[in-house]
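The exercises below are meant to be worked through with the sequence and the 3D view side by side. Each one sets a task and then goes through a solution step by step.

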Amino acid sequence: MDIQTLRDSHPDHWMRSSAIRTLALDGVAAANSGHSGMPMGMADVATVLFSKHLKFDASAPRWPDRDRFILSAGHGSMLIYALMYLTGYADMTLEQVKNFRQWGAITAGHPEFGHVAGVETTTGPLGQGIANAVGFAMAEESLRARWGAKVQDHFTYVIAGDGCLMEGISQEAIGLAGKHQLSRLIVLWDNNGITIDGKVSLSDITDQVARFKASGWDVFECDGHDPVAIDQALTAAKASPHPAMIACKTHIAIGHAAQDTSKGHGALTDAAQMKAAKETYGWPYPAFEIPAEIKSWWEGVGAKGASARQEWETRLAALSTAKQAEFARIFSLDVPNKLSATIRALKKQAAEDAPKMATRAASEKVLQAVNPVLTETIGGSADLTGSNNTKTADLGVFGPEDRKGRYVYYGIREHGMAAAMNGMALHGGVRPYGGTFMCFTDYARPSMRLSALMGIPVVYVMTHDSIGLGEDGPTHQPVEHLAISRATPNTLVFRPADLVETAEAWEIALTQKTTPSVLALSRQNLAAVRKTHTYQNMTAKGAYILAEAKQKRQVILMATGSEVEIALKARDMLEAEGIGTRVVSMPSMELFAQSDEAWRKKVLPGGSVRIAIEAGVRMGWDRWLLGERGRDGKADFVGMSSFGASAPYERLYKEFGITAEATVAKAKALL
Ligand SMILES: Cc1ncc(C[n+]2csc(CCOP(=O)(O)OP(=O)(O)O)c2C)c(N)n1
Ligand SMILES: [Mg+2]
């Protein structure tokens with residue numbers, strides 16, 4: 001259909017969707033940067049979705065039973081900002097729209113969770129949104145099964161572009177959603193055939209319809225500018241018993257000189273061309289001006305969900321007081337009081353038994369105690385369940401047959417798993433954790449970074465955390481991964497040394513509300529190092545004195561995880577030679593950095609030789625080795641400076657010089 005036909009056949013719809021198009025043009029022109037073409041091309045789909053299908057209430061953006069709308073093609077951020085302004089979200093004022101991409105405005109270049117009330121997830125790194133959406137839909141299925149459709153009953157809609165579908169992560173997401181028959185998940189593909197470099201066909205000839213179908217999706221197709229066709233496709237997609245993809249054939253930058261070209265992807269700021277486009281639309285109004293009748297129609301769209309929201313509130317209020325409190329608790333991320341008592345009991349027993357075990361096995365022990373208490377947890381692993389020790393007997397398995405199951409077999413999809421966990425956490429009401437090998441942090445990394453950026457408390461259970469995994473060799477042995485995780489802002493990295501520290505680390509991770517955690521856990525068995533019970537969570541201090549010097553202190557050995565027992569052995573050897581040696585266990589550098597200065601000085605006073613022992617690279621350690629003021633004295637590092645190798649782990653520790661003997665030699669060399 002040409003534009004004149006579209007205008008003539010649905011004049012009201014055309015003007016309402018043109019409000020989005022012109023706001024996108026005006027916002028991008030004011031910023032002199034951004035992406036005009038995608039919001040222009042998808043304005044018709046968005047208008048039908050928001051006015052006829054999406055269950056939302058602009059006056060209550062966070063209402064737990066709303067439909068979720070995810071703009072996976074985050075570069076088209078003006079689409080979501082325009083929709084929020086038009087429908088009357090309180091935070092999305094015209095001023096904000098005019099300040100698109102400016103310092104202090106909530107209208108960031110790409111939609112950011114936490115900045116804008118109606119933005120469900122941060123998008124922009126292509127493919128993340130569609131993969132988050134799988135987690136949203138899983139959380140909805142899980143909560144609907146456990147709480148009933150009266151309390152949780154909604155859809156997750158995604159707008160994804162060619163770029164989202166080309167990214168590898170989309171395949172992981174599509175596979176996961178298909179397997180789990182997430183029928184409440186609907187993806188609207190902005191099928192405009194254009195990306196930045198030119199036509200999609202420059203780089204891809206995938207039959208997307210066949211591809212989605214191959215993974216168990218239902219696929220519908222429509223002219224993405226025909227409101228009747230869009231409505232029909234959405235109605236069919238909602239009725240389908242499978243996840244649904246709607247291929248919306250669209251024109252990028254419709255009505256502009258750049259229509260159907262890659263020029264249309266970016267910022268369309270040429271004044272004459274903008275004027276011509278608006279004339280084509282039949283839009284005579286000045287920049288940022290929306291005629292009152294169009295604005296008020298849109299505000300009606302924003303208000304129409306209020307009754308559904310109020311009915312939901314009434315249904316919630318009909319639940320028992322205890323159930324209402326529990327519902328509020330899981331959505332506010334509070335933990336039950338019982339959690340700390342559970343952890344403490346476990347710690348006490350562990351200190352008495354002093355079991356020799358791998359920290360991954362310790363983690364399983366903690367989960368066995370915690371999962372029955374914290375019923376909002378949803379565990380999983382990317383096909384390494386038996387290695388990551390992430391499954392406990394009480395969880396059951398999530399799937400089409402059992403939506404109440406709390407364990408997800410993510411398959412070999414680390415990235416998809418991490419993104420799905422982000423989606424679950426963002427949905428609310430559940431607390432996801434998932435495992436893989438520490439080395440494959442790399443495969444999950446883009447989503448781990450977004451957990452941190454968004455400030456959501458996903459827990460990453462990363463086992464086989466060093467050369468200590470042995471025979472699988474350097475492909476599987478993380479060396480730089482602790483440093484990368486620690487370098488990421490707003491991320492807590494834990495490398496516990498035994499069962500007690502593992503329990504403490506889990507307690508901290510599970511009480512976070514705005515910070516993800518990475519648990520680096522050993523494959524190999526470790527001796528218990530905390531054999532005296534402490535009521536206090538020592539890991540919460542980040543680092544603490546595990547063993548004090550018996551003689552005048554000359555050396556401080558710092559270590560994490562599997563290397564703590566090496567530090568203790570080196571201390572015995574040094575003490576035997578009359579060299580007083582303190583051992584500091586440092587399960588979390590971030591928490592130590594956050595602890596007060598007095599504590600840091602107490603744990604790491606000046607005047608002693610300092611050696612850090614960790615089976616990873618040195619990067620990150622110098623702050624503690626050289627002193628926070630960089631003048632504390634002599635220091636050295638026992639760890640890795642190359643990739644590992646394939647051999648039994650005892651041999652590897654020897655060959656790479658991560659031993660008590662090497663530690664003693666380095667300490668003595670500095671004395
Ligand atoms: C992971 C990732 N890689 C690259 C980019 C840069 N980028 C932004 S949009 C885009 C092209 C997207 O094409 P499409 O989804 O078809 O959007 P359209 O041009 O149709 O608006 C690229 C490469 C990105 N945002 N994220
Ligand atoms: Mg495109």
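**Exercise 1. Locate Ala-354 and describe its surroundings.**

Step one is the position: Ala-354 sits in the loop that runs between α15 (338-353) and α16 (359-370), where helices (H or I, at least four residues) and strands (E, at least two) are DSSP runs numbered from the N terminus. Before going on, note that this is a predicted model, in which local features need pLDDT of at least 70, side-chain atom pairs count only at pLDDT 80 or more, and totals for chains, interfaces and linings use all residues. Residues are numbered from 1 along each chain as its sequence is written, chains are lettered from A and ligands numbered from 1 in the order in which they are written, and side-chain values use heavy atoms, with hydrogens and water left out.

Step two is exposure: with a relative accessible area of 27%, Ala-354 is partly exposed, a class that lies between buried (under 20%) and exposed (over 50%), using a 1.4 Å probe and protein chains only.

Step three is the contacts: leaving aside residues up to four places away in sequence, Ala-354 touches Ala-528 and Lys-531, contact being heavy atoms within 4.5 Å.

Step four is a distance: Ala-354 and Glu-293 are separated by 61 residues in sequence and by 73 Å in space, taken from C-alpha to C-alpha.

**Exercise 2. Work out the strand order of the open sheet and find the helices that lie across its strands.**

Begin with the order, which is β1-β2-β3-β7-β6 for the 5 strands, with parallel pairing; two strands pair if DSSP finds at least two bridges between them. The edge strands are β1 (68-71) and β6 (218-223), each of which pairs on one side only.

Next, look at one pair: β2 (residues 156-161) and β3 (residues 185-191) run parallel and are joined by 6 bridges, and Ile-159 stands opposite Leu-188 in β3.

Finally, add the helices. Helix α6 (residues 128-147) lies across β1, β2 and β3 and runs at about 165° to β2, whereas helix α10 (residues 227-239) lies across β2, β3, β6 and β7 (244-249) and runs at about 170° to β6. For these angles, axes are lines fitted to C-alpha atoms, for helices over the stretch in contact, and the angles run from 0 to 180 degrees between N-to-C directions.

**Exercise 3. Describe the largest pocket and its lining.**

First, the volume of the largest pocket is about 340 Å³. On a 1 Å grid over the protein atoms alone, a pocket is an open set of points with protein on both sides within 12 Å along at least five of seven lines, a cavity is a set where a 1.4 Å probe fits but cannot get out, and lining residues have an atom within 4 Å of a point. Points are joined across faces, edges and corners, and a volume is the space filled by probe spheres set on them.

Second, 16 residues line the largest pocket, and Glu-565, Ile-566, Tyr-649, Tyr-653 and Ile-658 lie nearest its centre. At least two lining residues come from each of α22 (564-576), α26 (649-655) and α27 (660-670).

**Exercise 4. Identify the residues around the second largest cavity.**

The second largest cavity has a volume of about 60 Å³, and its lining includes Arg-445, Tyr-460 and Pro-516. Helix α19 gives the most to this lining, with 3 residues.
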